[in-house]
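Here are a few short exercises to work through with the model open in your viewer. Try each task before you read its solution.

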Amino acid sequence: MIRVSFSVLFLMFFIGTSFPAQAAIDRCPRQQVKTELFAKRAKTRYQRGDIFDINSYLGNHSRENGTVLAFVQWGGPDVLSIQPFYKFGMFDAGDGKYCVMLDRVKVNFYAAPILVMPSNYSRQSCEYKLILKHEKRHLSALYNFHDKNTGKYQAYLGRIARDVPVSPLISTEAEAEEVRNMIMEYFASNFYEQVHKSIAEVSAIQQKIDSPQEYLGVGKKLERCDVVRNEENNKKTFHKSD
């Protein structure tokens, strides 16, 4: 089982140094924007909780396939984060006019999922190992999502940067702020269009992992764990009686 949530979009900018123009110009130039993607994939953090508490925490999660025994969590700035940061400069166009220039866009792509396992079973038990095997399929899908999209996001940043809207000539800070917001909105809307597509893809993969057939198979194996354990206990009791 997986809970998918999305980190909040953080928009940050810095005002760069103004660059004097040689003579007054009647339009702003198009500046080449540098893009960078910093990707980090941290190790999975393991937590344990009682099955009742796990289901209480999940709240409205569908119970069509039975009680939730464990889950992989991602979402939020400490778990999954895709955050763009913007650096702006000002170009002196002469005659008291300026141009807002987007110098650099950096995106941090961070993934560190949390795996919550049931404390009702010991780590050496048959049930725990079966549940862990299933949840590791979810983890694998998440890490594949990160690996697959690191290069895609970097390439997409470059394509978006080629068509950044050209700033109009401005003369006040209020106008500059309006242009900065317009440019950030352009970049974020285009970039997150690709991000949402990739999120939909990995969500579909996770749903396949949690198919009714998979739950049925795991459920039967869990029942078998109890049967095997009883058989082993009976054998021990028989040998003791001898």
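## Warm-up: long-range contacts

This is a predicted model. In the protein chain, residues 24 or more positions apart account for 81% of the contacts with a separation of 6 or more.

**Exercise 1.** Work out the order of helices and strands along the protein chain.

*Solution.* Start with the totals: the protein chain has 4 helices and 8 strands. Then walk along the sequence, and you get β-β-β-β-α-β-β-β-β-α-α-α.

**Exercise 2.** Find how much of the protein chain counts as buried, and what supplies its exposed area.

*Solution.* Take burial to begin with: 40% of the 242 residues count as buried. Now turn to the surface, where the protein chain exposes about 14,100 Å². Carbon and sulfur atoms supply 53% of that area.

**Exercise 3.** Find the disulfide that involves Cys28, give its handedness, and say which parts of the chain it ties together.

*Solution.*
- Step one, the cut-off: two cysteine sulfur atoms must lie within 2.5 Å. The sulfur atoms of Cys28 and Cys99 are 2.1 Å apart, and the two form a disulfide.
- Step two, the torsion: the angle about the S-S bond is -90 degrees, and the link of Cys28 and Cys99 is left-handed.
- Step three, location: Cys28 sits in the loop between strand E2 (13-19) and strand E3 (34-41), while Cys99 belongs to strand E7 (residues 97-111), so the pair ties together parts 71 residues apart in sequence.
- Step four, burial, which means under 20% relative accessible area: Cys28 has 8% and is buried, and Cys99 has 0% and is buried.

**Exercise 4.** Do the same for Cys126 and its partner, then write down the pairing pattern.

*Solution.*
- Step one: Cys126 is joined to Cys225 by a disulfide, S to S 1.8 Å.
- Step two: with -55 degrees about the S-S bond, the link of Cys126 and Cys225 is left-handed.
- Step three: Cys126 is in helix H2 (residues 126-161) and Cys225 in helix H4, and the pair links distant parts of the chain, 99 residues apart.
- Step four: Cys126 is partly exposed at 35% relative accessibility, whereas Cys225 is buried at 3%.
- Step five: the count comes to 2 disulfides, and with the bonded cysteines numbered in sequence order the pairing reads 1-2, 3-4.

**Exercise 5.** Place Gly219: which helix holds it, and is it buried or partly exposed?

*Solution.* Gly219 lies in helix H4 (residues 212-241). Its relative accessible area is 25%, so Gly219 is partly exposed. As a last check, go C-alpha to C-alpha from Gly219 to Leu130: they are 9.6 Å apart in space and 89 residues apart in sequence.

Definitions and conventions:
Residues numbered from 1 in each chain as written. Predicted model: local features only at pLDDT ≥ 70, side-chain atom pairs only at ≥ 80, totals over all residues. Heavy atoms only, no water. Helix = DSSP H or I, 4+ residues; strand = E, 2+ residues; numbered from the N terminus. Buried < 20%, exposed > 50% of the residue type's maximum accessible area, 1.4 Å probe, protein only. Contact = heavy atoms within 4.5 Å. Areas by Shrake-Rupley, 256 points an atom, 1.4 Å probe, with all protein chains shown as cover.
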